Amino acid sequence: MRFDEPVLLYGAGREARSTRAFIQARSPHTKVYVTVDSGEADIDDATFIAPADLTQAIEARLFATIVKSPGVSRYRPVFAMAREAGIAVTSNLNLWGEAYRDGRKVIAISGTKGKSTTATLVHLMLTESGLDAGLAGNVGLAPLEIADKHPIVVFELSSYQTADMAFTPDIAALTNLSPEHTDWHRSVERYYQDKLNLIDRDAPFPVALGVGALGNPLVMEALRDLKRLIPPLAPFIHDRIAGAAARSRLKGEHNLNNALLAAAIAMKAGADLEGVVRGIAKFTPLPHRLEEHQVGDVTVVNDSISTTPEATKAALAAYEGSRIALIAGGHERHQDYSELSQLLALRGVTVLVCLPVTGDRLATLTYAAAPEIEVIEAGTLEDAVKALVGRKAKFETVILSPGAPSYGQLETAGKVFKNFEERGAAFVRLAGQYFGAKA
């Protein structure tokens with residue numbers, strides 16, 4: 001990136017703010033612009049450009065570089081227009097690669113689900129083994145916030161970030177691969193391609209695969225050479241980790257798989273077995289991922305981070321043996337809910353509360369696949385929780401696991417959630433209010 005010419009920040013979230021700080025430290029006099037599609041463009045010392053004026057700004061070459069936030073699709077026509085005009089399009093992650101990659105061991109972890117838990121576990125295992133490691137990406141710090149603070153950096157990366165990741169990791173891992181984010185990537189095929197860009201490279205760095213990725217034809221093709229695969233853990237290590245996971249706060253078979261994958265990655269990076277076991281013991285569930293609260297005699301589970309049907313299936317499996325009221329539904333990404341609907345009764349769901357927009361499809365599928373389940377269609381999250389109050393005899397556990405993003409969803413009439421975190425916090429608050437105790 002050139003610091004002697006103006007820069008546009010597309011987005012104004014945490015990454016954009018860290019990019020602004022990075023530019024300020026490197027070149028205090030560089031002119032910085034900012035644009036956002038919605039919300040506040042709250043960036044220090046940056047001049048706002050309205051999205052409607054971007055075409056004119058590009059034609060005038062008002063800036064030489066665009067630093068795009070992850071949530072902004074790289075496939076928007078405005079970015080092709082910028083490249084044609086000779087304007088570079090980059091990211092916070094790639095700026096980190098330019099400035100700080102050399103001399104550091106980089107561990108990059110992605111996957112459709114489980115990547116946050118796996119990356120967090122790898123970081124704990126490394127630090128408990130006495131290694132100086134940092135955690136960045138979608139958990140921990142933004143890439144430019146972590147800068148050069150640690151000789152080992154564990155990155156948890158979404159498909160938005162792997163799509164144009166310009167540097168090569170030392171170790172990479174994929175937890176699994178299933179359709180997601182088709183609105184951002186424009187197609188399932190492109191989502192797969194962008195996710196697999198993490199490993200589909202000429203460099204022979206080692207790769208660890210979770211059970212949901214191992215054997216997947218697309219993943220194996222991207223791997224290119226089976227010699228790159230990190231070998232399975234020895235049986236005695238597998239058993240030691242399984243025992244540690246059973247004593248920890250990791251719930252469900254999917255989290256055991258995450259722990260086993262994390263151990264393989266961490267030990268490849270230099271962790272020892274005792275550090276791995278201590279790391280598992282220190283793990284605390286991530287906010288909004290199977291976050292459990294006891295509200296009176298009801299177990300309330302906030303799994304608001306669930307944005308895919310696969311994540312919802314994993315949440316239900318973690319509470320096997322319990323009678324469950326499931327609240328699901330959210331922003332439409334054209335994901336397939338047919339398999340989920342067929343599993344609901346088998347996983348103990350007795351009541352299903354469906355929220356707009358995807359809840360409509362899930363309700364229709366469930367009426368056909370499991371007529372014994374009571375299906376309720378609610379317009380807001382508050383309506384969903386209220387609907388369960390008179391049905392407490394039918395369940396012991398209430399799980400919010402939407403299987404869809406929060407965009408456009410309503411907490412109450414007229415109040416829209418900003419993100420999945422706000423959705424999860426509202427769910428816990430409403431559960432405490434309507435089930436008669438504080439969560």
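**View 1. The second largest pocket of the predicted model encloses about 380 Å³ of space.** In this predicted structure, the lining of the second largest pocket is made up of 15 residues. Those that lie nearest the pocket centre are Leu 209, Pro 232, Leu 233, Leu 260 and Ala 264. Two or more lining residues each are contributed by strand 10 (207-212) and by helix 12 (253-268). By residue class, the lining of the second largest pocket holds twelve nonpolar and three polar residues, with no charged residue.

**View 2. Gln 161 is a buried residue of the predicted model.** Gln 161 belongs to helix 7, which spans residues 159-162. Its relative accessibility is 4%, and Gln 161 therefore counts as buried, the cut-off being under 20%. The side chain of Gln 161 forms a polar contact of 3.3 Å with the side chain of Glu 15. When neighbours within four places in sequence are left aside, the residues in contact with Gln 161 are Glu 15, Pro 70, Leu 93, Gly 137, Asn 138 and Glu 156. Glu 15 thus appears both in this list of contacts and as the partner in the polar contact.

**View 3. Residues 288-400 carry the UniProt feature "domain: Mur ligase C-terminal".** The annotation comes from an unreviewed UniProt entry. In the predicted model, 32% of the span 288-400 is helix and 26% is strand. The C-alpha atoms at the two ends of residues 288-400 lie 9 Å apart.

Technical notes:
Residues are numbered from 1 along each chain as its sequence is written. This is a predicted model: local features need pLDDT of at least 70, side-chain atom pairs count only at pLDDT 80 or more; totals for chains, interfaces and linings use all residues. Side-chain values use heavy atoms; hydrogens and water are left out. On a 1 Å grid over the protein atoms alone, a cavity is a set of points where a 1.4 Å probe fits but cannot get out, and a pocket is an open set with protein on both sides within 12 Å along at least five of seven lines; lining residues have an atom within 4 Å of a point. Grid points are joined across faces, edges and corners, and a volume is the space filled by probe spheres set on the points. Helices (H or I, at least four residues) and strands (E, at least two) are DSSP runs, numbered from the N terminus. Ala, Val, Leu, Ile, Met, Phe, Trp, Tyr, Cys and Pro count as nonpolar, Asp, Glu, Lys and Arg as charged, and the others, Gly among them, as polar. Buried means under 20% relative accessible area, exposed over 50%, partly exposed in between (1.4 Å probe, protein chains only). A polar contact is a pair of N or O atoms within 3.5 Å; within protein, one must be able to donate a hydrogen and the other to accept it, and residues adjacent in sequence count only if both atoms are side-chain atoms. Contact means heavy atoms within 4.5 Å. UniProt positions are given in the numbering used here, feature names are shortened, and annotations may be inferred rather than shown by experiment.
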